[in-house]
Each structure stands twice: as C-alpha cells, then as structure tokens.
Amino acid sequence: MCRHLLAATIRRRHGAAVGLVRICIVAGVLFTGGCAGIGPHTWMSNGFKVGPNYCRPPAPVAEQWIGAEDPRVVPGPPRDGDWWSVFQDSTLNALIARAYQQNPDLRVVGARVLQARALQAIAAGGIFPQSQQLSGVYPHGEFAGISNHINVTTFNLAWEVDFWGKYRRQIESANAGLDSSVENYDDALVTLFADVAANYVEYRVAQQRIKIAQANLQTQQRLVTLAEQQQRVGTAIELDVHQLRVLMEQTASSIPALEIVRGLANDRLSILLGEPPHELETELGPGPELGALPMPVVPNSVAVGIPADLIRRRPDVRSIERQVAAQSAQIGVAEAELYPSLSVSALLGHADLNLAPLASNGGVSLVVPQFSWKILNFGRLLNNVRLQEARTQELVAAYQSQVLVAAQEAQTSLRAFLRSQEQAEHLGKSAVAAQSATKIGEQLFTEVKADVNRLFTLENSQLQVQDQHAVAQGNIALSLIDLYRSLGGGWEVRLTDNGDGVLGTGDLPRADGLPAAPGVEPIPLPKVQPDQP
C-alpha cells in the first residue's frame, strides 16, 4: 500500500512539474522574446504588434552638386510642375497636353493604382470578422412511412482577434503598396513629359540640320555650275569640276539621312501622343528659321536644389522606399504566425426538426471561443520570418542603389547642361568664322584667284561646323530636359488645375491621406478639360 501511495505521489508531482515547464515555455515565448525576439515592452510600444516598426532606411547623398559654385547653377529648389514652359513654346505645351490626355501607358499604371486600392480595401476588411456566412439546410423525406424534415437557418460569424497585429501589419503593407503604385504613376508622368519634350527638340534639331544641308547644297550646286563655265573657257580643269561635284553629292546624300532622323522623332512623338504614326509637320510647322535656335528660349541657368532633395522629389525613389515599407510590414505578419491565434465563433439561427419520434422547434445560438497554435510548424514559420527579413534587406539595398543612380543621373545632366553651353558658344564662333572664310573663298574662286582645293575644304568645313552647332544648341535643351527628368519634375501637374487644359485635378488615392478627387473613375487619370465633371 505504501508503494502505491508513493507511486501516486510521484506521478502527481511529475505531472505538476511538466505542467509548470509547459507554462514557463509558453510564457517565455510570448513575453520574454522567444524566437521572434520581441518582449512585452516592445510589443506594447509597437502598438500591440509584433515585428519591426518601419522607418525610412538611410541613403548616401552628397552635400552639394559638383559645379554648384557655377553662377549658372541658381540656389533654391528646382522648378516644379510645368517645367517645359521655360522654353516658351506653345506647340510643345500643346503636345504635352495631348500626351497627358491620350497616352495609353499612363492608363496602364493608372489601372494598377486601382488594383492597389482594391487590395488595400481587402486588407482593411481583415480587421473585422473574417468569416460571415448565412446558410440554410432544408431536407425533407420519409422513413418507414413517416414524414421527416429538418429546417435549419443559421448565420455564422468567425473573428480572429488581432492580438499580435497580423491584420494591422497587412493593412500597413497594403497602404504602402498603394503609395508605391501612386508613385509609379507619378514616375510615368515624369517620363512621359520628358520623352515628349526630348523628341520634340530632336524633331526641331533635325529640321534645322536639314535646312543647313539644303542651304549648303544650293551654294555647292552654284559652284559646280561656275566650275563648268570656267572649264569651258579654259580657266578651270575637269578635275576641279569633279572635285566640287563630289562635295555636292555628299551634301545631297546627307539630307535623306537627316530625314530619317526627323522621321524617327516624328514616329516616337506620335506614339507618345497615343496616336498611330503620322506626319506631324503640318501640325508642328517647318520649324525655326535658318540660323535661329531650335527652341524659342533656352535658359542658361537652372535651380537644382541639393542632392538630398532627390529622396523626396523623385517618384521612382519614393516608390522603392514605399516598397521597403510594405515588405517591412510583412515581417510582422510572418512573426505573428509564430504565436497562438485567438478567435471567437458564433452561430445564430432557427431550427425546426421533425425526426420521429423526435421533434423540436426554436432558436439556435452558439458561441465558441478557441485558440490555435502551429507549434509543429515552428521551423517553417521561423524560416518564413527570415525570408521576409531577407526580402526587406534586398529592397533596402535597391532603395540605396536607386538613390545613388538618381544622384548620378542628375549630376551627369547638370554637367552636360553647363558644358553644352560652352561647346555651343565655341561652335557658334567657329560657324561665323567658317562662313566668312567660305564667302572669301567663293569670291576668289569666282574671280579665278583661288584653286578648288581650298574652296573644297572651306565649303566642307562650313557644312560640318554649322551642323555641329545646330546639334550643340539642341543638346543644351536636351540636357536641360534630362536634368528636369532626373530631378523628378513634372508629376505635380496632377495636383493643380488652372483651367488651361494641361493641368489636372485627378489626385490619386494615397494611404497617407492624399484625397481622391471625384470624376477619375474607372481609370485614375487627371482631368484635363475644365468643363468635365
């Protein structure tokens, strides 16, 4: 008997010890950090959520731009919104407006914003009862000659309490995903406006180069005719005629090549406008006169702010930063799976049962508190946390890399803008000198006081330097466009509307509180006509 009492006592003490150990393990996991590394203080300071609270990762930025001391680099923030208006070209303004209205790529990214908005709403719904179902069962029949029926109508409700913040972290992730999609839309605006402006400048430069070639061709045709006349009277030889004809035909052959360049810019502009390729010269006009600038006005100075401004100005940088925030919240979602989930299920309804000899009729109600814990999936769940952390680290590195790329693009464009002005200035002086020398050479050749070799060299040099000068003038405008592109300018137009048909009021939805303007469904494109609803 004593042995039985001793064995019972040992069993009771062993069971109590095992229970105590289990309680300590659970308490250790839940409140001392466990494998997820979160204690009660951190859990409460995070707003009763596991996982890290997001903060923007650091990124390397320079204190100032290379060449910031140049007087053409104006202190102050860059121009926002319609930066293309600095060229004072009404035709370019009209093209920007048409592209804003019609470009199909803009509608693609606009549709993605709607998708992100729907995903955000789905995530927000997870904070409420996750299962809500009205159901009914109404079987009727006979058994052993006796009529039987079951009529049951119930409303089922199941709600997992967001004790560890899983659903709130999912909402955070969806909010950041929506922000990222809006930033992608803004980046598409920046790219679209810059592409339209750049192709327009290339179109104008090609027109200018064609005019230069045609003007030189007319002069060279006149010289060939003059050489033929001198050959007939014996003051020139056949070699002189052929040498000048070589130059004339070379110049003539350059015109079709330049027409190809103009045609490429024409076709790209058509596509950017959301239209099939068609001839735009009837709409755009013949371009500036020979000797004029490709654009009516090209500023020789620009405000670029400081490199750190790129982090908040460039939509592509902001988009990746929002992706980091979205992925960071997924760490908390994964960590929440390591802990037990608490839920409550409820059933309300009415039942009419007639199963002879049993019969019942009345209301049905049931409340079922419950918990579940995936303790046997610990390794898989822990590795999922590590997976989400690694993905976050990847996006942090991508964000930092994008900041560096943005700084490089802006610095390269700024340097090109400044150096292109100097190049165009020297080429302009060279073009003036070449034109003066060529006039003298033509006069001496007409008076039979100069040989054809010098005239050939002068005519060829004049054509080349005039063509290079036109390209250099266009490069100033192209570099300025690239600079505004790399500074992230242009997307602000969707936030304002001055009734000119270019700026819109289509404020896209933002999870951080940016309002959604009416009248942008089903595609969230900015309104561009003042009389639209």
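Throughout this tour, a residue is called buried under 20% relative accessible area, exposed over 50% and partly exposed in between, with a 1.4 Å probe and protein chains only. The model is predicted, so that local features need pLDDT of at least 70 and side-chain atom pairs count only at pLDDT 80 or more, while totals for chains, interfaces and linings use all residues. Residues are numbered from 1 along each chain as its sequence is written, and side-chain values use heavy atoms, with hydrogens and water left out.

**Stop 1: Arg262 and Glu281.** Select these two side chains, which meet in a salt bridge at 3.7 Å, N to O; the term stands for a side-chain nitrogen of Lys or Arg within 4 Å of a carboxyl oxygen of Asp or Glu. Arg262 belongs to helix H6 (residues 238-272) and Glu281 to helix H7 (residues 281-284), so that the pair links distant parts of the chain, 19 residues apart; helices (H or I, at least four residues) and strands (E, at least two) are DSSP runs, numbered from the N terminus. Arg262 counts as buried because its relative accessibility is 10%, whereas Glu281, at 32%, counts as partly exposed.

**Stop 2: further salt bridges.** A search of the whole structure finds 30 salt bridges. One of them joins Asp316 and Arg314 at 2.6 Å, N to O, and both of these residues are buried. Move next to Lys374 and Glu337, whose side chains meet at 2.9 Å, N to O. Lys374 lies in the loop between strand E7 (358-372) and H10, and Glu337 in the loop between H9 and strand E6 (341-355), so this pair ties together parts that are 37 residues apart in sequence. Lys374 is partly exposed, with a relative accessible area of 43%. Then select Asp70, Arg72, Arg419 and Glu422, which are joined into one network by salt bridges that share partners.

**Stop 3: helices H9 and H10.** Display H9 (residues 315-336) together with H10 (residues 378-446), whose axes come within 9 Å and cross at roughly 170 degrees. Axes here are lines fitted to C-alpha atoms, for helices over the stretch in contact, and angles run from 0 to 180 degrees between N-to-C directions. The two helices are therefore roughly antiparallel to each other, a label given to angles over 145 degrees.

**Stop 4: aromatic pairs.** The whole structure holds six aromatic pairs, where rings of Phe, Tyr and Trp (its six-membered ring) pair if their centres lie within 6.5 Å, and planes under 30 degrees apart count as stacked, over 60 as edge-to-face and the rest as tilted. Trp83 and Tyr484 are stacked, because their ring centres are 5.2 Å apart and their planes are at 15 degrees. Trp83 sits in the loop between strand E1 (73-74) and helix H3 (90-102) and Tyr484 in helix H11 (residues 452-486), so the pair ties together parts that are 401 residues apart in sequence. Both Trp83 and Tyr484 are buried, and they form one aromatic cluster with Trp84, Tyr100 and Phe193.

**Stop 5: two loop residues.** Finish with Phe48, which is found in the loop between helix H2 (40-45) and E1 and has a positive phi of about 60 degrees although it is not a glycine. Gln88, in the loop between E1 and H3, likewise has a positive phi, near 55 degrees. Phe48 counts as partly exposed at 41% relative accessibility, whereas Gln88 is exposed, with a relative accessible area of 58%.

Notes: Parallel < 35°, antiparallel > 145°, perpendicular 65-115°, else oblique.
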